[in-house]
Amino acid sequence: MVHLRTDIGATNPNAPMHPEANSTYAKELTCDVLIVGAGFGGVYLLHKLRDEVGLNVKIFEAANELGGVWRWNCYPGARVDTQVPVYEYSIEKVWKDWTWTQKYPDFNELRDYFHHVEETLDIKKDVSFNTRVIGSQFDAESNTWEVKTEDGRTAKCKYLINAIGFAAKRHFPDWKGLTDFKGELHHSSFWPDEGVDVKGKRVAVIGTGSTGIQIAQETAKDAASVTVFQRTPNLCLPMRQRELTKKEQQDAKSEYPDIYRKRLTTFAGFSYDFVEKNTFDDNEEDREKFYEEMWEEGGFKFWLANYKDLLFDSKANDQAYNFWAKKTRARIADPRKRDILAPLKAPHAWGTKRPSLEQNFYEMMDRAENDVVNVRETPITEFTETGIVTSDGKLREFDIIALATGFDSVTGGMKNMGLKDTEGKDLGERWKNGTWTYLGMTCHGFPVSVFLPIISPVSQHSITNRHNRTCSSYTVLKDPQHSATAPPVSKSKATGSSTPSPQCKRPASKPSKRPRMQRLAGTSSSPSLTTRLCSP
Ligand SMILES: Cc1cc2nc3c(=O)[nH]c(=O)nc-3n(C[C@H](O)[C@H](O)[C@H](O)COP(=O)(O)OP(=O)(O)OC[C@H]3O[C@@H](n4cnc5c(N)ncnc54)[C@H](O)[C@@H]3O)c2cc1C
C-alpha cells in the first residue's frame with residue numbers, strides 16, 4: 001500500500017549503538033562536522049573535509065545507501081536530463097576510469113556510479129544509514145550543535161551541514177478518498193525498489209513534471225493503458241538518447257577538466273550557453289535553420305543554447321514557442337490530445353518553467369489506448385476504491401496510480417527536521433512568512449561560529465547548477481520583500497538592520513588545533529555543487 005508519510009521516516013534498529021565516541025553509529029557521537037544527507041552534495045563534502053582538510057566528518061542519512069535522490073527515485077524511466085559527462089564528480093580519481101552506457105543515464109547507472117564512488121573514495125565507513133535527523137540546536141556554552149535522530153541517538157558537532165537536497169518532503173495533494181483506493185498507489189519517490197509490474201494494467205499518472213513524463217512514456221510500453229492527469233503542459237524537448245561506447249568516452253577524457261570548468265561559467269551549468277545574438281538579428285530563414293539545428297541536436301540546447309533574448313523578450317519567446325508547438329503538434333494525430341499537450345497558445349513564456357526531456361512521450365500519448373485529462377478543466381474531485389473521479393462526474397478505473405505530484409520542494413525538508421535557532425525557535429516558524437537566507441547558505445539566528453549551518457537545498461538544487469546564481473535568485477524569488485535588484489542579505493528581526501555576510505564574522509574563540517576549513521570554490525563536484533566553505 002502507499003507510503004503516505006511525506007518525509008523519510010527512518011529508524012535503524014540494527015544500529016550497533018557503540019558506546020565509544022566517534023563510532024559512526026555511536027549512541028552519543030561527537031565529530032567536527034556532521035553532514036545530513038548522502039547525496040551528491042553530502043558525499044562530496046565528506047570527501048573534501050575528511051580527506052583533504054583532515055576533519056573528523058560523519059554523515060547521517062535517512063536512506064539505506066549512498067546516492068540521495070537516486071536511492072529514492074527508482075520509478076519507471078527515472079533518469080537524468082543532463083548529458084554525460086556533465087552530471088558527475090570532477091574528482092579525477094572518480095572520473096578517470098568511469099564510463100556510462102547512455103548519454104542520459106538512468107537511476108540504475110546512477111546507483112552503480114555511487115558504488116564506484118564508494119570504491120574510490122571509501123565514504124560509507126563514515127555514514128550512518130537509516131538515520132533520520134529530527135532535531136538540531138546550537139549550544140552556545142559548548143559552541144556545538146546538538147543533533148537528534150529519530151531512533152534516539154545524539155551527535156555533537158562544531159559544524160552542521162544540511163545537504164538534504166530539494167526533495168526531502170513529498171507532496172500528496174489532499175484529495176478526498178486517497179486512501180480508499182484498493183489498487184496499487186505509489187508516490188514516484190517512494191516507488192518500490194523491486195518495481196511494479198504494469199504489464200496489462202490500467203495505469204494513471206498524476207502530474208506532468210519530468211517524473212510524470214518519464215513514468216508515462218516508460219509504462220506505456222507494457223501497460224494496457226496509461227492515463228495522464230495534466231494541470232500544465234510540459235513543453236518537453238526531444239532527448240535524443242543514444243548508447244555510448246567506452247572508447248568514445250575514454251578518447252574524450254582529456255577534455256573533461258575543461259568541461260567541468262566550463263559548467264561553472266555557463267548560465268545553467270551545462271557545457272553550452274546562449275548565443276551572442278538576439279532572435280530578430282537573424283532573418284526568418286536563418287532563424288528557422290538555427291532552431292532546426294538545436295532541435296536535431298536535442299537535449300536542452302533549444303532552451304539554453306538559444307538566442308540570448310529568449311527569456312527576456314516576449315516576442316522572441318513567442319517565436320521559440322511557435323517553433324516548439326509546430327514540431328510537437330506534428331507528432332500528435334488526435335486533435336483533442338494535441339490541444340491539451342501542445343496548445344497553440346503558450347501556457348507560459350517558453351523556458352521560464354523548466355521543460356523536460358522526452359523520448360517518445362507524445363507518440364505514446366497519441367496511441368488510442370492512452371489518454372490525457374486536462375485537470376484545469378475537470379479537476380480531480382475524489383478517489384474511490386477503483387479509480388479517480390473528476391469534476392464532470394466521470395469515474396476512470398485503474399489498477400495502478402502513480403503520484404508524480406512532486407515535493408514540498410526545497411524548503412519543505414529543512415522545515416521538517418527540527419532545526420532550531422539560538423533562541424530555540426524552529427526554522428519552520430522562522431520562515432513562516434518567507435524564506436530568509438544569506439546566499440542560500442545560512443541565515444540569521446544560526447550562529448556565526450558555525451559558518452555553514454545550512455548548505456541548503458536553496459543552494460544546491462537544480463534550478464541552475466551555478467551555486468551563487470542559484471541561491472541569490474532563489475532568495476529573491478522566494479522572498480517578496482527582496483527587490484530583484486537588492487542583493488540578498490539576511491535581516492535582523494530585532495533591529496531590522498541588514499547584515500551583509502554572517503559567514504564572514506569571526507567569533508572570539510581560541511585558535512583551534514584542527515585544520516581550518518578552506519575555500520573550496522572552483523573545485524566543483526556534481527553539477528549543482530560549487531560549495532564554498534570558510535573557517536572561523
Ligand atoms: C528524478 C530526478 C532527476 C534529476 N535529474 C537531474 C539532472 O539531470 N541534472 C541535475 O542537475 N539535477 C537533477 N536532479 C536534481 C538532483 O536533486 C540533484 O542533481 C542532486 O542529486 C542533489 O543532490 P543533493 O546531495 O543536494 O541532494 P539529494 O540527492 O536529494 O540528497 C539528500 C539526502 O538527504 C537525505 N535526508 C533528507 N532529510 C534528511 C534527514 N532529516 N535526516 C537524514 N537524511 C536526510 C535524503 O535521504 C537524501 O539521501 C534530479 C532529481 C531527481 C529527483
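1. Let's start with leucine 34. Setting aside neighbours within four places in sequence, leucine 34 is in contact with Lys58, Phe60, Trp145, Val147, Ala155, Cys157 and Leu160. Please keep in mind as you read that this is a predicted model. Leu34 also appears in the largest nonpolar core, which has 122 residues. Val33, Leu34, Ile35, Val205, Ala216 and Ala402 are the members that touch the most others there. As background, nonpolar side chains in soluble globular proteins tend to be buried together.

2. Now for the sheet around this part of the chain. How many strands form the open sheet, and in what order? There are 6, in the order 3-2-1-6-5-4, and the pairing is mixed. Strand 3 (127–128) and strand 4 (133–139) stand at the edges; each has a single partner strand, so one side of each is left without a neighbour in the sheet.

3. Strand 6 deserves a careful look. Strand 1 (residues 28–36) runs parallel to strand 6, and 8 bridges join the two. Among the bridge partners, threonine 30 is matched with lysine 156 in strand 6. Strand 5 (residues 144–149) also joins strand 6 (residues 154–162), through 4 bridges, but this pair runs antiparallel. Try finding two of the facing residues on your screen: tryptophan 145 stands opposite cysteine 157, and lysine 148 stands opposite threonine 154. Trp145 and Cys157 may look familiar, as both are among the contacts of leucine 34.

4. Is strand 6 largely enclosed or largely open? Of its 9 residues, 7 are buried, so strand 6 is largely enclosed by the rest of the structure. The hairpin of strand 5 and strand 6 has 4 residues between the strands, and glycine 152 takes a positive phi near 90° in this hairpin.

5. Strand 8 makes a nice companion example. All 5 of the 5 residues of strand 8 (residues 202–206) are buried, so this strand too is largely enclosed by the rest of the structure. Both of its faces are covered, with Arg202, Ala204 and Ile206 buried on one side and Val203 and Val205 buried on the other. Strand 8 pairs with strand 9 (residues 225–230) in the parallel sense over 5 bridges. In that pairing, valine 205 has valine 228 of strand 9 as its bridge partner. Val205 is also one of the core residues that touch the most other members.

6. Next, the ligand. Which residues come nearest to it? They are Gly37, Gly39, Gly41, Gly68 and Gly165, out of 38 residues around the ligand. Helix 1 (40–52) and helix 2 (69–72) are the elements that give two or more residues to this shell. The largest share, 3 residues, comes from helix 1. By type, the shell divides into 19 nonpolar, 15 polar and 4 charged residues.

7. Helix 10 (residues 314–329) is a good one for practising with a ruler. Its 16 residues reach 21 Å from the first C-alpha to the last, close to the 22 Å expected at 1.5 Å a residue. The buried residues of helix 10 are Ala316, Asn317, Gln319, Ala320, Tyr321, Phe323, Trp324 and Thr328. A general point helps when reading such a list: an α-helix has 3.6 residues a turn, so residues three or four places apart point the same way. The buried residues of helix 10 pack against helix 8 (284–297) and helix 12 (361–366).

8. Glutamate 363 lies in helix 12. Why does glutamate 363 count as partly exposed? It has 15 C-beta neighbours inside 10 Å, and that is why it gets this label. The C-alpha atoms of glutamate 363 and threonine 328 are 9.9 Å apart, while along the chain the two are 35 residues apart. Thr328 is one of the buried residues of helix 10.

9. Methionine 239 is found in the loop between strand 10 (237–238) and helix 6 (246–252). Methionine 239 counts as buried because it has 20 C-beta neighbours inside 10 Å. Apart from neighbours within four places in sequence, methionine 239 is in contact with Tyr104, Gly298, Gly299, Leu357, Glu358 and Gln359. For glycine 299, 60 residues away along the chain, the C-alpha separation from methionine 239 is 4.7 Å.

10. Finally, the chain as a whole. It has 16 helices and 18 strands. Of its 536 residues, 46% count as buried. Among contacts with a separation of 6 or more, 70% are between residues 24 or more positions apart.

Notes:
Residues numbered from 1 in each chain as written. Predicted model: local features only at pLDDT ≥ 70, side-chain atom pairs only at ≥ 80, totals over all residues. Near = placed C-beta within 6 Å. Nonpolar A, V, L, I, M, F, W, Y, C, P; charged D, E, K, R; others polar. Expected span 1.5 Å × (residues − 1). Buried ≥ 20, exposed ≤ 12 C-beta atoms within 10 Å, placed from the backbone. Contact = placed C-beta atoms within 7 Å. Core = buried A, V, L, I, M, F, W, Y, C linked by C-beta atoms within 7 Å. Pairing = 2+ DSSP bridges.
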